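Morning, everyone. Please pull up the sequence and the structure, and I will walk you through a few places in it.

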Amino acid sequence: MISVLGGTGECGKSLLKELLKTAHFENVNLIARRSQLTNLPVENPIKSVKLTENIVDFEKLCETSANPEQIQNNSNENNNPFTNSKAVFCCLGTTKANAGSAEKFIRIDKDYVIASAKHAKQAGVEEFHYVSASNSSAKSSFLYPRTKGEIEDELKALNF
């Protein structure tokens, strides 16, 4: 099984469309803050692809990701949304304008992604694919590319 984060955004919709079209993966798990199955951005042309979803509270994921024991407890109770996933495709993100402030942008774009990656690692996920930006750099003086670069660095530190 694979999991998709951010399946309702532009990148996520394109990815989901390709995943459903190719049927390379038999099980696709959508991880989101609200249900997506009833109004998917694309139709499932290949009925052999099993779609499931996990509704998560990203704030709680962030809280528990700060404490490895809490992640472990969630994994043991099968509350980890990444349980049984071999790979995660992360298209999660926003813009500063949509988030409303730089702080909220960082919370959604960076903290949610890193928290998700930590939970995925704890669940035994082998691969974490992240949609970043071509100009990403943790040393940038601009918010967007700096945040993307910081995310990339933190994901590398998790050894996916």
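Start with one residue: is S140 buried or exposed? S140 counts as buried, because its relative accessibility is 17% and the cut-off for buried is under 20%. Keep in mind that this is a predicted model.

Where does S140 sit? In the loop between β5, residues 127–130, and α6, residues 143–157. Its side chain has a polar atom 3.0 Å from the backbone nitrogen of F142. Leave aside the neighbours within four places in sequence, and S140 is in contact with P145 and R146.

Now step back to the whole chain. We have 6 helices and 5 strands. From the N terminus on, the order is β-α-β-β-α-α-β-α-α-β-α. The chain has 160 residues, and buried ones make up 42% of them. The accessible surface is about 8800 Å². Carbon and sulfur atoms hold 47% of that surface. On contacts, take those with a separation of 6 or more: 65% of them are between residues 24 or more positions apart.

Next, the aromatics. How many aromatic pairs does the structure hold? It holds 4. I will show two of them.

Pair one is F25 with F89. The ring centres are 6.2 Å apart and the planes stand at 65°, so this pair is edge-to-face. F25 is in the loop between α1, residues 10–22, and β2, residues 27–32. F89 is in strand β4, residues 87–90. The two are 64 residues apart in sequence, so the pair ties together separate parts of the chain. What about cover? F25 is partly exposed, at 26% relative accessible area. F89 counts as buried, at 18% relative accessibility.

Pair two is F105 with Y144. This pair is tilted, with 6.0 Å centre to centre and 35° between the planes. It also links distant parts of the chain: F105 belongs to helix α5, residues 102–122, and Y144 to helix α6, 39 residues apart. F105 is buried, with a relative accessible area of 1%. Y144 counts as partly exposed, at 37% relative accessibility.

One more ring before we move on. The charged end of K121 sits over the ring of F160, 4.7 Å from the ring centre.

Now the cores. As general background, nonpolar side chains in soluble globular proteins tend to be buried together. Here, the largest nonpolar core has 22 residues. Which members touch the most others? L5, F128 and L155 do. Several elements feed this core: α2, residues 58–65, along with β4, α5, β5 and α6, each supply at least two residues. The largest share comes from α5, with 6 residues.

Look at L155 in detail. Beyond its neighbours within four places in sequence, L155 is in contact with I114, A117, F128, Y130 and F160. Recall that F160 is the residue whose ring lies under the charged end of K121. F128, in turn, is listed with L155 among the members of the core that touch the most others.

Apart from that core lies another one, of 13 residues. Its members include L19, V28, V49 and A87.

To close, go back to where we began. S140 is in the loop between β5 and α6, and both of those elements supply residues to the largest core. That is my tour. Questions, please.

Conventions:
Residues are numbered from 1 along each chain as its sequence is written. This is a predicted model: local features need pLDDT of at least 70, side-chain atom pairs count only at pLDDT 80 or more; totals for chains, interfaces and linings use all residues. Side-chain values use heavy atoms; hydrogens and water are left out. Helices (H or I, at least four residues) and strands (E, at least two) are DSSP runs, numbered from the N terminus. Buried means under 20% relative accessible area, exposed over 50%, partly exposed in between (1.4 Å probe, protein chains only). A polar contact is a pair of N or O atoms within 3.5 Å; within protein, one must be able to donate a hydrogen and the other to accept it, and residues adjacent in sequence count only if both atoms are side-chain atoms. Contact means heavy atoms within 4.5 Å. Rings of Phe, Tyr and Trp (its six-membered ring) pair if their centres lie within 6.5 Å; planes under 30 degrees apart count as stacked, over 60 as edge-to-face and the rest as tilted. A charge sits over a ring if NZ of Lys or CZ of Arg is within 6 Å of the ring centre and within 35 degrees of the ring normal. A nonpolar core is a set of buried Ala, Val, Leu, Ile, Met, Phe, Trp, Tyr and Cys residues joined through side-chain atoms within 4.5 Å. Accessible areas come from the Shrake-Rupley method with a 1.4 Å probe; for residues, only the protein chains shown count as cover.
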